[in-house]
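Biologist: I am new to this structure. Please take one part and look at it closely, and then connect it to the rest as far as you can.

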Amino acid sequence: MATFGTLSDRLTETFRNLRNKGRLSAADVDGTVREIRRALLDADVALDVVKEFTGKVRERALSDEVNRALNPAQQVVQIVNEELIAILGGRQRRLEFAKQPPTVIMLAGLQGAGKTTLAGKLAKWLAKDGHTPLLVAADLQRPNAVQQLQVVGGQAGVAVYAPEPGNGVGDPIRVAQDGVRLAKDRQHDVVIIDTAGRLGVDAELMRQAGDIRRVTNPDEVLFVIDAMIGQDAVATARAFQEGVDFTGVVLTKLDGDARGGAALSVASVTGRPIMFASTGETLDAFEPFHPDRMASRILDLGDILTLIEQAQRAFDEEEARKVAEKMATDTFTLEDFLAQMQQLKKAGSIKSMLGMLPGAKGMREQLENFDEREITRTEAIIQSMTPAERRTPKLLNGSRRLRIARGSGTTVTEVNQLVQRFEQAAKMMRTVARGGVPNIPGMGPIPGARQKKQQPQKKSGSRSGNPAKRAQENAALAAGAGAKASSGGSSFGLGGGQAGGPSEEELAAMQKLLGR
Amino acid sequence: MASFSLGNALRGIFATRTIDEGTWEDLEDALIRADFGPAITEQTIEHLREQVERYRTTDPEDLRRMLREYLEERFAKLDPTLKLTNRPAVVLVVGVNGVGKTTTIGKFAKFLTNYGRSVIVGAADTFRAAAVEQLATWAERAGAGVMRPQQQGQDPASVAYQTVDQAQRSGFEIAIIDTAGRLQTKAGLMDELSKVRRVVEKLAPIAEVLLVLDATTGQNGVAQAQAFIEHAGVTGLVITKLDGSAKGGFVLAVQEQTGIPIKLLGQGEGIGDLTGFSGPAFTAQLVG
């Protein structure tokens, strides 16, 4: 285990061997199943779940359905995919709101699973949907948990009920009860109760959680669990199921490199669906959990749907149309360039977006080396220009460039490169806007992202130019079937190419995957 | 049985009359369930099979002894003592989110003040809401000084610097610096850690960099350790939450692959629940 591969990596490796085969022998299947077993164990899927899973896959892989299929290897991939989705809970489940508000949501979990942060994220997410959540600070155990919830509530812009100072003082059961009553009086339609973290083996605290559940009668009890947890996930999940009996699971810290294992175990052992996933440090890094997408992610088929949704949320339709117009009429300026870049940043970390692309797992190295700050630097350069310069880059003579370099803390070379890139991008976009096929310079095989000075890494130009086209195609893609993914793919390719994104070969591979 | 325990599982295995294929399978399952991971499990089983072969034993009791000896031997390869001889001895505490860094610092400070050392803690976790207050509460309980950031969201490196500076000027013997939890995949945050280290080293050499790992962590612990070693130069591991049902089998893999010894163990929420690491004791807890 010299190299630490994730589940996706391991399964991809296994299937690469399998894809080349026309027929599967029992030995082939056994070998593959062994690899899957090993990969799942390395990904911390609980042993019992692994045994059951591999058993099912093996049985189906040896059955007639595979040998009658045109491509047995792909059929096995399909089976693994189906079984993964089945374990992860089949379909996505939404929060169930009470007929008579307020809807009470209780959070429970181990210490350090991320309950308090999640309370903030959930509240913000609900508030965005037009709800008026109230956070209740019933974690009176951990030092300053109450204060943390207050701060988080402030950041999310929602009300917090924290009558007790915490740090071991106060009765969490009463706080929870009062919180629900207060919500009724003040007409908050959702109450989120943050409880103290507890170990599965701590009977007393478990009883307390059960009591909170009893007095508040929550509509949803969410079990918050760290995606990095190991084999203990099963024991912990069972203990919580017995102690408080949760209705749904939230997976946190999914932005780390441990993905999948705990999700599979908990869902399989408790039969409760995973409802949300928390994927980052900011309060916005929170999304409903999609079992089918997660399965695809594990199989390295990419998480296209999430990517599209993120892009759609970030890109303003109106804005996109304006830009498209500008491109066509040749009035695209550095100002637009900057606006585009800022929009792109809104879509979330470039790295996380690229990570969702099919085949992206193979480029982990390049992804790691991609420097998000490159965008910030470019931003700084443009912001150091006067409005006139931004509109007419031709104005930029030597002394102006020197001033800009000083103002943005960069060098003249960097300013020169940016202007050059901008011009290239603008030219390319004009071609695209007129319906031509752009000839992208330097878009050969995977650009060496490692060499920082090289152009590929800094070609923010074409990335920023793309969103208009991308947004349009995204919309088409979201509406259309998988077949359209190829066109969507090329637009992603353009967008991500600068960051050591997918090369032409990878895009082709992706089309093959999706066209499967 | 609400929770799985390796000790219980092994007791069942070793209670059988002879060693047969079933024993090996059960042992393999038990080790995997204890988070040893497939690789270490394979190695362990292979080693034990050899031993059993060599000594031609069929007594499960021998097997149990061999397992214990084997694990103790592997744990004993590295030296678990803390090196806090510098004055001030600077200790940097790092780890991913929610493993118990702040709590560990509280306990560690108490551990040190019990031995009559004067301790100052630096709240360089300026990111998470209320982390500073949480640390200050612990410091108060432990009777240690505390260096707070002067403003919201201050650069953690500058807080760390001020802590060491304060320790030098006021003659604190040990300075412990808390850092914000970060996932090892976040390159920018890992760089921040390298910066904290660089800045502190301008004042005084860092005596220990402790990586806190949660006992419930699975095989991802290895990835965590490797990333933190690269960016923060980890010198020792702290395993927390050992009072739960997980006994931290993954630490063997971590220790083997990184060569970093385990130095402290956290086993509860009380301020006294921190002990030094001892291979035999840990093995006993693991194997029963």
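Modeller: The face of α20(A) that is turned away from its buried side carries two exposed residues, A:Gly398 and A:Ser399. This is a predicted model. Helix α20 of chain A covers residues 398–408, and its buried residues are A:Arg401, A:Ile404 and A:Ser408. Looking down the axis of α20(A), these buried residues fall within an arc of 60 degrees, so they line one face of the helix. An α-helix has 3.6 residues a turn, so residues three or four places apart point the same way. Just after α20(A) comes A:Gly409, which takes a positive phi of about 70 degrees.

Helix α3 of chain A can be read in the same manner. With 15 residues (47–61) at 1.5 Å a residue, α3(A) should span 21 Å, and its end C-alpha atoms are indeed 21 Å apart, so the expected span and the model agree. The buried residues of α3(A) are A:Leu47, A:Val49, A:Val50, A:Phe53, A:Thr54, A:Val57, A:Arg58 and A:Ala61. Down the axis of α3(A) they stay within an arc of 155 degrees, and therefore line one face of the helix. A:Gly55 and A:Glu59, on the other side of α3(A), are exposed.

Chain A also has a sheet. It is an open sheet of 8 strands with mixed pairing, in the order β3-β2-β4-β1-β5-β6-β7-β8. At the edges stand β3 (159–161) and β8 (286–288) of chain A; each has a single partner strand, so one side of each is left without a neighbour in the sheet. From one strand to the next, the twist averages 25 degrees. At the β8(A) edge, strand β7(A) (residues 274–278) runs antiparallel to β8(A) and is joined to it by 3 bridges. There, A:Ser278 stands opposite A:Phe286 of β8(A).

Towards the other edge, β2(A) is mostly covered, with 6 of its 6 residues buried. A:Pro133, A:Leu135 and A:Ala137 point one way from β2(A), while A:Leu134, A:Val136 and A:Ala138 point the other way, and all are buried. Strand β2(A) has partners on both sides in the sheet order, β3(A) and β4(A). With β4(A) it runs parallel, over 6 bridges, and A:Ala138 has A:Thr195 of β4(A) as its bridge partner. With β3(A) the pairing is again in the parallel sense, over 3 bridges, and A:Val136 stands opposite A:Tyr161 of β3(A).

Two helices of chain A go with these strands. Helix α8(A) (residues 172–186) packs on the sheet and touches β1 (103–109), β2 (133–138), β3 and β4 (190–195) of chain A; its direction makes about 165 degrees with that of β2(A). Helix α9(A) (residues 203–216) lies across β1, β2, β4 and β5 (220–226) of chain A, and runs at about 175 degrees to β1(A).

Chain A is in contact with chain B. The contact takes 41 residues from chain A and 40 residues from chain B. On the side of chain A that touches chain B, the elements giving two or more residues are α2 (26–42), α7 (145–156) and α10 (232–243) of chain A. The largest share of that side, 6 residues, comes from α10(A). By class, that side of chain A has 16 nonpolar, 13 polar and 12 charged residues.

Chain B has 11 helices and 8 strands. Of its 288 residues, 53% count as buried. Among the contacts in chain B with a separation of 6 or more, 78% are between residues 24 or more positions apart. One pair that is far apart in sequence is B:Gly259 and B:Leu78: the two are 181 residues apart there, and 7.3 Å apart in space, C-alpha to C-alpha. B:Gly259 is found in the loop between α10 (250–258) and β7 (262–266) of chain B. It counts as exposed because it has 10 C-beta neighbours inside 10 Å.

A helix of chain B shows a one-sided pattern as well. In α11(B) (residues 279–287), B:Phe282, B:Thr283, B:Leu286 and B:Val287 are buried. These residues cover an arc of only 120 degrees around the axis, which puts them on the same side of α11(B). What covers them includes α1 (6–14) and α4 (60–75) of chain B.

Notes. Residues numbered from 1 in each chain as written. Chains lettered and ligands numbered in written order. Predicted model: local features only at pLDDT ≥ 70, side-chain atom pairs only at ≥ 80, totals over all residues. Contact = placed C-beta atoms within 7 Å. Helix = DSSP H or I, 4+ residues; strand = E, 2+ residues; numbered from the N terminus. Nonpolar A, V, L, I, M, F, W, Y, C, P; charged D, E, K, R; others polar. Expected span 1.5 Å × (residues − 1). Buried ≥ 20, exposed ≤ 12 C-beta atoms within 10 Å, placed from the backbone. Arc of directions from axis to C-beta. Pairing = 2+ DSSP bridges. Axes fitted to C-alpha atoms, helices over the stretch in contact; angles between N-to-C directions.
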